[in-house]
Amino acid sequence: MNLHEYQGKELLKSFGVAIQEGFVAESVEEAVAASKKLNSDFCVIKAQIHAGGRGKGGGVKLAKNEGEVKEFAGNILGMMLKTPQTPGGVDGPGKLVRKVLVAEDVYAPDFDACKEYYVSILMDRDRKCNVIVTSTEGGMDIETVAHNTPELINKEYIDPRLGLQGFQTRKIAFGLGLSGQAFKEMTKFIAKLYKAFVSSDYSMFEINPCLKTGDDRILAVDCKVALDDNALFRHKDLAEMRDVSEEDPTEVEAKSFGLNYVNLDGNVGCMVNGAGLAMATMDIIKLSGGEPANFLDVGGTADAERVEKAFRIIMRDPSVKAILINIFGGIVRCDRVAQGVVDAYKNIGEVNIPIIVRLQGTNADIAKTIIDESGLEVHSAILLQEAADLVAKVIG
């Protein structure tokens with residue numbers, strides 16, 4: 001689950017992390033009122049969407065007076081902001097901006113004395129520990145920095161049994177070339193940032209840029225936060241921060257039905273039980289010449305109603321030219337899945353998309369009887385490769 005910049009900064013502030021202060025606004029009037037609350041002559045108007053690269057797309061502007069606040073807020077609110085990270089990239093439809101963050105100008109009065117850094121915390125799955133990634137090249141595309149100048153990327157691995165140690169915060173600050181008051185401020189910043197990370201079950205923090213001001217303060221000027229969905233049951237307050245308007249509507253709907261669904265760009269709809277089997281199904285579709293249109297795991301407790309809802313979600317995608325249903329009946333019963341397919345087929349009405357069904361395991365024989373006696377035009381398969389070959393055949 002991703003958070004907006006203003007939400008992430010609020011969380012950081014609650015743990016004592018110094019941030020660029022600001023107020024969120026949903027209208028031009030609110031933006032003007034917010035600018036007057038700031039202890040700053042200038043202010044920055046930032047589009048609030050779940051994507052990076054906002055500045056390059058025109059979603060970040062420095063306003064030097066009230067007139068510019070009105071102008072920039074009016075231009076940004078309601079715009080379809082396109083960045084390399086929005087759906088389809090800069091050539092895609094973009095994302096609708098519903099809110100802006102009106103933030104203080106932290107670079108004044110001594111812009112030349114300011115320095116931008118990159119700081120992030122995330123999990124290193126190979127090492128089974130958290131890692132703090134830093135660079136002196138803040139404010140830039142960190143992927144480009146890592147590719148062109150990997151020596152400028154520093155990593156500090158945190159032993160989960162010991163937690164972040166004082167010598168590690170000092171090592172990080174030294175690695176960024178800091179000294180004096182700025183060095184002390186950075187060690188405090190890193191310690192508080194890590195405490196926030198582990199206390200709230202985040203999966204990623206990215207502060208870019210992390211700013212050293214002219215008077216040697218260390219501030220989070222931008223903040224990208226991702227939370228571990230599997231831990232949200234422990235953080236009801238954080239779960240309430242979810243902005244579903246920033247997510248794929250189909251994925252949101254599927255989640256409300258208890259389905260694990262991810263929309264993709266292919267032409268073969270997939271309905272599978274179990275994430276591992278779903279991945280294997282997607283792989284064999286590609287190997288057989290097709291392209292998966294989605295990842296959809298109906299789960300181990302799938303009943304006829306849930307299968308029908310999954311079927312309807314897949315059918316809604318206009319790019320789907322065939323549907324492969326691959327169910328291994330362990331916990332889930334094949335006859336329930338078969339009944340769900342039949343019910344969905346009949347309730348939807350005319351279905352012009354070829355359907356390939358592979359059901360193996362618990363009550364597979366009953367499931368086959370249900371489908372065979374339904375009168376539906378469904379292709380049956382026993383082996384997974386056989387099902388994939390049928391998919392390749394029907395999509396041409």
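1. Let's start with the two helices: α2 and α3 lie oblique to each other, because their packing angle is about 140° and only angles over 145 would count as roughly antiparallel. Please keep in mind that this is a predicted model.

2. Some detail on that pair may help as you look at the structure. Helix α2 covers residues 28–37 and helix α3 covers residues 66–76, with the two axes 9 Å apart. The crossing of α2 past α3 is right-handed.

3. Which residues of α2 and α3 meet? On the α2 side they are Val-28, Ala-31, Val-32, Ser-35 and Lys-36, and on the α3 side Glu-66, Val-69, Lys-70, Ala-73 and Gly-74. Sorted by class, this contact has five nonpolar, two polar and three charged residues.

4. Now for the sheet. It is open and built from four strands in the order β2-β7-β3-β4, with antiparallel pairing. The edges are taken by β2 (22–25) and β4 (60–63); each has a single partner strand, so one side of each is left without a neighbour in the sheet. On average, neighbouring strands are turned by 20° against each other, direction ignored.

5. A closer look at one edge: β2 and β7 (residues 100–104) run antiparallel and are joined by four bridges. One of the residues to find here is Val-24, whose bridge partner in β7 is Leu-101.

6. Finally, both helices pack on this sheet. Helix α2 touches β2, β3 (43–47) and β7, and its direction makes about 170° with that of β2. Helix α3 touches β3, β4 and β7, and its direction makes about 165° with that of β4.

Notes
Residues are numbered from 1 along each chain as its sequence is written. This is a predicted model: local features need pLDDT of at least 70, side-chain atom pairs count only at pLDDT 80 or more; totals for chains, interfaces and linings use all residues. Side-chain values use heavy atoms; hydrogens and water are left out. Axes are lines fitted to C-alpha atoms, for helices over the stretch in contact, and angles run from 0 to 180 degrees between N-to-C directions. Angles under 35 degrees count as roughly parallel, over 145 as roughly antiparallel, 65 to 115 as roughly perpendicular and the rest as oblique. A crossing is left-handed if the near helix is turned anticlockwise from the far one by less than a right angle, and right-handed if clockwise. Contact means heavy atoms within 4.5 Å. Ala, Val, Leu, Ile, Met, Phe, Trp, Tyr, Cys and Pro count as nonpolar, Asp, Glu, Lys and Arg as charged, and the others, Gly among them, as polar. Two strands pair if DSSP finds at least two bridges between them.
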